[in-house]
Amino acid sequence: MMKTSLLLPWLALTLLAAGAAHADDDGRRGASVPLLPKYQQECAACHLAYPPGMLPAASWQRLMANLPKHFGSDASLDAASVNELSRWLVGNAGTYKRVGYAAPPADRITRSAWFVREHDEISAATWQRASIKSAANCAACHTTAEQGNFNAHRIRIPK
C-alpha cells in the first residue's frame, strides 16, 4: 500500500495526466489529424489543404457537393474521389466548441467566428499585402500551416 505522504502527489499527477488526455480527446476531431494523401493531392494542388477540423461537417458536405462551383473555380472530381474525400472530411470535421456547430457564412473558414476572433488584430491593409493576398492564404503567416500546425509561436507576418 502506498504511503499517505506519497498518495496525494501521485493522485494529483494521475488526475493531471487524465485531464491532459481528456483535453486531447474533447471532440476536437480533425484538428490535427494526418491529411489523407488523396486530399493532399487533389486540394493542395490549388490551395492549402485545410485541416478538416476547421469546418463543421455540414460545411464540408456542401463544399464537396458543389465542387463544379468551388469559390469561382471548377474543382470537379470523379464520383469515387468525391465519395472518399467527403467521408474523410465529414468524419474528421470540427465538432468542438471553437469551430462551433453552425456553418460559417458561405462555408468560408475565414468568415467563421473562431477565425475572425483569432485574427481580429490583423488590419485589412495587412491582408491585402502582395505577400499575403488574402486571409485564406494561411501559409503566408503560419510558417508550418502545410503541416497542419497553426501554433502562434510559428507565425511570421510578411512585409
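User: So a polar contact is a pair of N or O atoms within 3.5 Å. With that in hand, what caps the N-terminal end of helix 4?

Analyst: That's D78. One of its side-chain oxygens lies 3.2 Å from the backbone nitrogen of A80. Keep in mind that this is a predicted model.

User: Ok, and how far apart are the end C-alpha atoms of helix 4?

Analyst: They are 18 Å apart. Helix 4 runs over residues 79-91, so it has 13 residues, and at 1.5 Å a residue it should span 18 Å, which agrees.

User: Wait, 13 times 1.5 isn't 18. What gets multiplied by 1.5 Å?

Analyst: One less than the number of residues, by the definition of the expected span.

User: Got it. Which residues of helix 4 are buried?

Analyst: S81, V82, L85, S86, W88 and L89.

User: And what do they pack against?

Analyst: Two other helices: helix 2 (37-43) and helix 3 (57-65).

User: Let's talk about the core. Which residues touch the most other members of the largest nonpolar core?

Analyst: Y39, Y50, W60 and I109, out of the 30 residues in that core. Helix 2, helix 3, helix 4 and helix 5 each supply at least two of its residues. The largest share comes from helix 4, with four residues.

User: Why would nonpolar side chains be together at all?

Analyst: It's a general tendency: in soluble globular proteins, nonpolar side chains tend to be buried together.

User: Pick W60. What is it in contact with?

Analyst: Leaving aside neighbours within four places in sequence, W60 is in contact with Y39, Y50, P51, P52, L55, L89, V90 and A93. Two of those, Y39 and Y50, were named a moment ago among the core residues that touch the most other members.

User: And I109, where is that?

Analyst: I109 is in the loop between helix 4 and helix 5 (113-118). Its relative accessibility is 11%, so it counts as buried. Not counting residues up to four places away, I109 touches Y50, M54, L55, W114 and F115. Y50 is 59 residues away along the chain, yet the two C-alpha atoms are separated by 9.0 Å.

User: M54 came up there. Where does M54 lie?

Analyst: M54 lies in the loop between helix 2 and helix 3. At 11% relative accessibility, M54 counts as buried too. Apart from neighbours within four places in sequence, M54 is in contact with V99, I109, W114 and F150. M54 and T110 are 56 residues apart in sequence, and their C-alpha atoms are 9.7 Å apart in space.

User: W114 keeps popping up. Which residue does W114 form an aromatic pair with?

Analyst: F115. There are three aromatic pairs in the structure. The W114 and F115 one is edge-to-face, with 5.9 Å centre to centre and 75 degrees between the planes. These two also form one aromatic cluster with W127.

User: Are W114 and F115 buried or exposed?

Analyst: Buried. W114 has a relative accessibility of 6%, and F115 has 5%.

User: New topic: how many disulfides are there?

Analyst: Zero, from a search of the whole structure. C43 is in no disulfide, and the nearest cysteine sulfur, that of C46, is 8.4 Å away. A disulfide needs the two sulfur atoms within 2.5 Å, so 8.4 Å doesn't qualify.

User: What's the relative accessible area of C46?

Analyst: C46 has 73%, so it is exposed. C43, at 15% relative accessibility, counts as buried.

User: What about H70, buried or exposed?

Analyst: H70 is buried, with a relative accessible area of 18%. The cut-off for buried is under 20%. H70 lies in the loop between helix 3 and helix 4. Setting aside neighbours within four places in sequence, H70 is in contact with H47, L63 and A75.

User: Last one: what does the side chain of T144 reach?

Analyst: The backbone oxygen of N149, at 2.9 Å. T144 sits in the segment after helix 6 (124-127). At 16% relative accessibility, T144 counts as buried. Not counting residues up to four places away, T144 touches N149 and R154.

Technical notes: Residues numbered from 1 in each chain as written. Predicted model: local features only at pLDDT ≥ 70, side-chain atom pairs only at ≥ 80, totals over all residues. Heavy atoms only, no water. Buried < 20%, exposed > 50% of the residue type's maximum accessible area, 1.4 Å probe, protein only. Contact = heavy atoms within 4.5 Å. Polar contact = N/O pair within 3.5 Å; in protein donor to acceptor, adjacent residues only side chain to side chain. Core = buried A, V, L, I, M, F, W, Y, C linked by side-chain atoms within 4.5 Å. Phe/Tyr/Trp six-rings, centres within 6.5 Å; stacked < 30°, edge-to-face > 60°.
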